[in-house]
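Reader: Hi! I'm just starting out with protein structures, and I'd love a close look at one single part of this one. Could you walk me through a stretch of backbone that deserves a second glance?

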Amino acid sequence: VCFCIGCVWPFLHGTYLSFCRFLLVRDARLIGFGNYAAVFRDPSLLHAFGFTALFAVVSVIMINVPAFAAACALNHKFRGRNLFRAVFFMPNLIGGIVLGHLWSVIFDGILTSAGMKSILENTNTGFWGMIVVLCWQQVGYMMIIYIAGLQAVPADMLEAAEIDGANGRQKLFRIVIPNMMPAITICLFLTLTNGFKLFDQNLALTAGQPFIQQANGTTVRTTEMLALNIYNTFYSQGPSNRGIAQAKAVIFFVMVAGIGLVQLIATRRKEVQQ
């Protein structure tokens with residue numbers, strides 16, 4: 001019942017609103033597929049999709065590789081191991097808006113001292129700034145999942161490999177990684193979907209800036225991701241565009257769900273039965 005009230009009903013009602021024009025929800029009026037037609041005529045959406053897709057791919061690599069390396073290092077027994085695990089995990093406890101504002105001050109201080117423009121005035125620094133913030137927040141969380149996966153690798157298989165003369169690289173790629181595929185599946189799914197859904201750090205760190213005015217009068221926010229694009233369409237482009245924003249949200253959900261399911265199917269096929 002709670003799931004239906006909190007998830008199913010809002011999703012179905014939101015889908016209905018994507019076919020409506022409304023100022024307030026109670027005044028919604030059906031207009032058919034007009035909102036969806038307007039979505040695909042929006043030039044800012046195409047730019048936001050390309051920027052988001054590139055960001056998601058880069059963030060998946062930049063989060064999972066350091067997280068796996070940290071998990072391998074902290075899976076060994078040594079004094080202070082739990083302290084290091086806690087320190088790596090702590091950034092995940094800080095809210096995204098707080099992180100965005102905190103790092104915007106740090107980045108602007110670094111760039112200004114180096115004689116460069118603010119992070120808000122450069123698309124490249126804005127992109128990599130958000131990558132750094134997301135990695136700093138999520139590497140520790142993925143590290144915990146990878147540690148759980150490492151601890152589930154059968155010790156007898158590793159001992160048998162050592163007896164057979166396998167080196168560290170062979171044990172990693174032939175035994176450890178195949179047995180860790182459930183953990184890898186989860187981490188890839190979380191980082192991929194989080195990369196596409198990123199909103200709070202994008203809003204707090206760059207707010208989509210810098211802005212470029214095109215010849216036809218439209219404005220492209222060069223560091224605007226899809227979630228922020230939907231937010232801006234709903235709140236910044238007038239009440240008449242709220243139905244268009246709702247249509248974007250439905251398309252966004254279908255796209256992210258589809259990408260996530262494809263990734264889950266692809267990685268689960270590589271899982272081994274213990």
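Author: Happy to! One term before we zoom in: a contact here means heavy atoms within 4.5 Å. Counting the contacts in the chain with a separation of 6 or more, 70% are made by residues 24 or more positions apart. Keep in mind that you are looking at a predicted model.

Here is the setting. The chain has 274 residues, and 41% of them count as buried. Its secondary structure comes to 12 helices and four strands, and the C-alpha trace spans about 70 × 55 × 35 Å along its principal axes. The accessible surface comes to about 15200 Å², with carbon and sulfur atoms holding 67% of it.

Now to the part I'd pick: the loop between helix H10 (200-205) and strand E3 (211-213), where you will find proline 210. Alanine 207 has its place in that loop between H10 and E3 as well.

What should you expect of a backbone? Most residues other than glycine have a negative phi, and most peptide bonds are trans. Now check alanine 207: its phi is positive, about 55°, although it is not a glycine. Is alanine 207 buried, partly exposed or exposed? Its relative accessible area is 24%; buried would need under 20% and exposed over 50%, so alanine 207 is partly exposed.

Follow the loop onwards to the bond that joins glutamine 209 to proline 210. This peptide bond is cis, with omega near 0°. Proline 210 itself still belongs to the loop that leads from H10 to E3.

Methods: Residues are numbered from 1 along each chain as its sequence is written. This is a predicted model: local features need pLDDT of at least 70, side-chain atom pairs count only at pLDDT 80 or more; totals for chains, interfaces and linings use all residues. Side-chain values use heavy atoms; hydrogens and water are left out. Helices (H or I, at least four residues) and strands (E, at least two) are DSSP runs, numbered from the N terminus. Buried means under 20% relative accessible area, exposed over 50%, partly exposed in between (1.4 Å probe, protein chains only). Accessible areas come from the Shrake-Rupley method with a 1.4 Å probe; for residues, only the protein chains shown count as cover.
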